Amino acid sequence: MHSVLVSCFLALSLVPAAFAESTAASNPNDYRINPASIKIEVVEDDITARSRMVPLSDPDTFTPFSGALLALESIVNITTKAWKVIADNKPVVSVNNQYATAVPFGLQSWTMLQQWKGPKGYRFKFRASTYAGLTAVKVDFLLTYLYGGNYNGTGKYLTGVSIVPLSVSVPWNTNFSLGVEVPDLFVINLGTRANPMAGMMIIMNYSLRGLSHHEARMIYFVRGDGKMKVLNSPEDIDKQFVKMQND
């Protein structure tokens, strides 16, 4: 009797998946993601940033310079250079201590700087719909960072630059992934030798895989004075940041 009940339960549990697969086969436009529908709304969100700021202990990738002279005008990232934020529709556990910095060459830790401001936060709302017009993918994540740190009154540097996943809602037939890169080439000094100001390019790579496949990258730039600029992203984001870029 027990084996009969188990068999019945397993059979019933497979019905929703089988029905969904059958429906997808007969109505593919209800399930295929339309790349043209992808929208990313961004809003300033310092409140969430304060509550979701990554712990700023030195991460596993930290490699302090040994015996190097401190060069305030030469700005480098001494922590994480690339990491995964969301993989297979789930936030990556290790993201809680993954972040980038833009600090003087030769500095052993960002804690040697002072008078940090922030955290600054921007919430990104990633949405994608099917060809039938049904909203299928809803992913929220947060860009957060501290800015304005100085060394004995000189410079404006960055630390705690990270992407924090907030919520992920993806249908059964779609796989969403998000990763971050901070290229060394684009961790730079936007100021002068006497008054350095950090600048950092952040590249977010996302992938949508399912009945259709779409990959793209979003590129942003953060500065030691706290400002953030969009370098390439959907047009709706660019319009929202026109005023911010001119402030």
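Me: Where's Pro119 sitting?
Reply: Pro119 is in strand β6. Keep in mind that this is a predicted model.

Me: Okay, and what's the peptide bond from Gly118 to Pro119 like, cis or trans?
Reply: That bond is cis, with omega near 10°.

Me: Let's zoom out a sec. How many helices and strands does the protein have?
Reply: There are 4 helices and 13 strands. The protein has 247 residues, and 45% of them are buried.

Me: What about contacts between residues at least 6 apart in sequence, how many of those join residues at least 24 apart?
Reply: 67% of them do.

Me: And the surface, how much does the protein expose?
Reply: About 12,500 Å², with carbon and sulfur atoms supplying 55% of that.

Me: Back to β6, then. How many aromatic pairs does a search of the whole structure find?
Reply: The search turns up 7 aromatic pairs. One of them is Phe124 with Phe141, a stacked pair at 5.3 Å centre to centre, with 5° between the planes.

Me: Which strands does that pair of Phe124 and Phe141 tie together?
Reply: Phe124 lies in β6 (residues 117–129) and Phe141 in β7, so the pair links parts that are 17 residues apart in sequence.

Me: Are Phe124 and Phe141 buried or exposed?
Reply: Both are buried. Phe124 and Phe141 also form one aromatic cluster together with Tyr220.

Me: What kind of pair do Phe126 and Tyr206 make?
Reply: An edge-to-face one, 4.9 Å centre to centre and 70° between the planes. Phe126 is in β6 and Tyr206 is in β11 (residues 198–209), so this pair ties together parts 80 residues apart in sequence. Phe126 and Tyr206 are buried as well.

Me: Switching to pockets. How much space lies in the largest pocket?
Reply: About 150 Å³.

Me: Which residues line the largest pocket?
Reply: The lining is made of Lys117, Tyr147, Gly148, Asn150, Gly153, Gly155, Lys156, Asn195, Pro196, Met197, Gly224 and Asp225. By class, that lining has 3 nonpolar, 6 polar and 3 charged residues.

Me: Which strand gives the largest share of that lining?
Reply: β7 does, with 3 residues. Both β7 (135–151) and β8 (154–169) supply at least two residues each.

Me: Now Gly226. Where is it in the chain?
Reply: Gly226 is in the loop between β12 (213–223) and β13 (228–232).

Me: Is Gly226 buried or exposed, and why?
Reply: Gly226 counts as buried because its relative accessibility is 6%, and buried means under 20%.

Me: What does Gly226 touch, not counting residues up to four places away in sequence?
Reply: Lys120, Tyr122, Tyr145 and Tyr147. Tyr147 also belongs to the lining of the largest pocket.

Me: And how far is the C-alpha of Gly226 from that of Leu158?
Reply: Those C-alpha atoms are separated by 8.6 Å, with the two residues 68 apart along the chain.

Me: Last topic, backbone angles. What's phi of Asn152?
Reply: Near 55°, which is a positive value in a residue other than glycine. Asn152 is in the loop between β7 and β8, and at 63% relative accessibility Asn152 counts as exposed.

Me: Same question for Asn89, what's phi there?
Reply: Phi of Asn89 is near 70°, again positive and not a glycine. Asn89 is in the loop between β3 (82–87) and β4 (90–91).

Me: How does Asn89 count by relative accessibility?
Reply: Asn89 has 23% relative accessibility, so Asn89 counts as partly exposed.

Key: Residues numbered from 1 in each chain as written. Predicted model: local features only at pLDDT ≥ 70, side-chain atom pairs only at ≥ 80, totals over all residues. Heavy atoms only, no water. 1 Å grid on protein atoms, 1.4 Å probe; cavity = no way out; pocket = protein on both sides within 12 Å on 5 of 7 lines; lining within 4 Å. Points joined across faces, edges and corners; volume = space filled by probe spheres on them. Nonpolar A, V, L, I, M, F, W, Y, C, P; charged D, E, K, R; others polar. Phe/Tyr/Trp six-rings, centres within 6.5 Å; stacked < 30°, edge-to-face > 60°. Buried < 20%, exposed > 50% of the residue type's maximum accessible area, 1.4 Å probe, protein only. Contact = heavy atoms within 4.5 Å. Areas by Shrake-Rupley, 256 points an atom, 1.4 Å probe, with all protein chains shown as cover.
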